[in-house]
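Colleague: Please put the model up, and I will ask about particular places in turn.

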Amino acid sequence: MSDTHNSQNAHGGHGFETVAIHAGNTADPLTGAVVPPIYQVSTYKQDGVGGLRGGYEYSRSANPTRTALEENLAALEGGRRGLAFASGLAAEDCLLRTLLSPGDHVVIPNDAYGGTFRLFAKVVSRWGVEWSVADTSDPASVRAALTPKTKVIWVETPSNPLLGITDIAAVAQVAREAGARLVVDNTFASPYLQQPLALGADVVVHSLTKYMGGHSDVVGGALIVADPALGEELAYHQNAMGAVAGPMDAWLVLRGIKTLPVRMDRHSENATRVADMLSRHARVTRVLYPGLPEHPGHEVAAKQMKAFGGMVSFQVEGGEEAAVAVCDRAKLFTLGESLGGVESLIEHPGRMTHASVAGSALEVPSDLVRLSVGIESADDLLADLQQALG
């Protein structure tokens, strides 16, 4: 697997693990506290009218704890500007309303997070933005979906929930030729495993709720950009729209990021063992994990990712009811939505996270089960899945 995206040169001469702990985390100048304080404050005393102390006036516009997180995010993704939001969808909404105008067109993947699809199909479309679906794992499919009005190509890799892989560099070339922006949702991989900006993307999107926070105790979102001018536009809209990350949420994500590398290593190791076991199980008809050599995106994933991540999906014989029964029988795997926490989760996408895509081109198989493989003992996780499968 490639480690070029994770090189020390991409992080100012320091390794990723060092940057995760130190970027944005300067010692408090007043007390020397090694962890940034939680600035639970709404407004700031100004040094005379218009004299902002350190650039702070009101915490919707800027907050020191959020600033620390945003600096950390930019450093980890190798970007010029990071922005933290109240949720991943709040980040997406700000991005789309910044980049798009009525009449513009977007290419979206045929395998996307249900909330992202809902945002395009039920919200942005009412604003006069058109969209079409492409198989982003095939650059030719993306090119065929373009129109003269295409302003954004949207990619998830690995995708949710079918773990599809898109060649970011190849689609970035398609975007450049079309004069469109390439947006990559990097939530499943995290910047530790994959860095889309280095591969030609214009914008990286994160649900910070997932691997970045890592402990199922915070909701947040982020945008990281390579172009400082675009960063300024997004910051203007972030302030104008107001869906910012609160200081406590920013602090929790900062704390989670410090252990991101070691967590992602264990997530990936455990998921590999889970995928291997499932691929040999008699009741499993298909396993979707980019680390498996038979996965159609395996070679691309090996080229652009450090490891293959902690998400595994699989299909079971017996159809929808059998898949639901597997979810219900799991004990150590908690039945729940979301992903990326230290604890393992199991869910039925068709009835849970992806119910909003039912009847659309993005509808997921009814016999699909999605796992967020945590960092528990792998032997315990395997035993739980084996008993759940029966």
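Colleague: At what angle do helix 3 and helix 8 pack, and how far apart are their axes?

Modeller: This is a predicted model, in which local features need pLDDT of at least 70 and side-chain atom pairs count only at pLDDT 80 or more, while totals for chains, interfaces and linings use all residues. Residues are numbered from 1 along each chain as its sequence is written, and side-chain values use heavy atoms, with hydrogens and water left out. Helices (H or I, at least four residues) and strands (E, at least two) are DSSP runs numbered from the N terminus; axes are lines fitted to C-alpha atoms, for helices over the stretch in contact, and angles run from 0 to 180 degrees between N-to-C directions. Helix 3 covers residues 88-99 and helix 8 residues 228-241, and they pack at about 115° with their axes 9 Å apart.

Colleague: Which residues of helix 8 does helix 3 meet?

Modeller: Contact means heavy atoms within 4.5 Å. From helix 3 the residues are Cys94, Leu95, Arg97, Thr98 and Leu99. By class, this contact has 6 nonpolar, 3 polar and 2 charged residues (Ala, Val, Leu, Ile, Met, Phe, Trp, Tyr, Cys and Pro count as nonpolar, Asp, Glu, Lys and Arg as charged, and the others, Gly among them, as polar). On the helix 8 side, the residues met are Leu230, Glu233, Leu234, His237, Gln238 and Met241.

Colleague: Is Gln238 buried or exposed, and which backbone oxygen does its side chain reach?

Modeller: Gln238, in helix 8, counts as buried because its relative accessibility is 4%, where buried means under 20% relative accessible area, exposed over 50% and partly exposed in between (1.4 Å probe, protein chains only). Not counting residues up to four places away in sequence, Gln238 touches Arg66, Glu70, Leu83, Ala84, Phe85, Cys94, Ala243 and Val244. At 2.8 Å, its side chain reaches the backbone oxygen of Ala84.

Colleague: At what angle does helix 3 pack with helix 4?

Modeller: Leu89, Glu92, Asp93 and Leu96 of helix 3 face Gly115, Thr116, Arg118, Leu119 and Phe120 of helix 4 in this contact. By class, the contact has 4 nonpolar, 2 polar and 3 charged residues. Helix 4 spans residues 114-123, the axes are 11 Å apart, and the angle is about 35°.

Colleague: Which helix gives the largest share of the largest nonpolar core?

Modeller: A nonpolar core is a set of buried Ala, Val, Leu, Ile, Met, Phe, Trp, Tyr and Cys residues joined through side-chain atoms within 4.5 Å. The largest one has 82 residues, and Leu69, Ile153, Leu182, Leu278, Val312, Phe314 and Leu371 touch the most other members. The largest share, 7 residues, comes from helix 10 (residues 260-279).

Colleague: How many residues are in the second core?

Modeller: This core is separate, and its members include Phe85, Ala90, Val129 and Trp154. Its count is 30 residues.

Colleague: Which side chain makes a polar contact with the side chain of Gln315?

Modeller: Gln315 lies in strand 9 (residues 311-316) and counts as buried, because its relative accessibility is 10%. Leaving aside neighbours within four places in sequence, Gln315 is in contact with Arg283, Val284, Thr285, Arg286, Pro365, Asp367 and Leu368. A polar contact is a pair of N or O atoms within 3.5 Å; within protein, one must be able to donate a hydrogen and the other to accept it, and residues adjacent in sequence count only if both atoms are side-chain atoms. At 2.9 Å, the partner is the side chain of Asp367.

Colleague: Which residue's side chain is joined to that of Asp28 by a polar contact?

Modeller: Asp28 is in the loop between helix 1 (16-22) and helix 2 (64-77), and is buried because its relative accessible area is 9%. Beyond four places in sequence, Asp28 is in contact with Ala33, Pro37 and Tyr39. The polar contact is 2.8 Å, and the residue is Thr31.

Colleague: What is omega for the cis peptide bond between Asn160 and Pro161?

Modeller: Pro161 is in the loop between strand 4 and helix 6, as is Pro158. The bond from Thr157 to Pro158 is cis, with omega near -10°. For Asn160 to Pro161, omega is about 15°.
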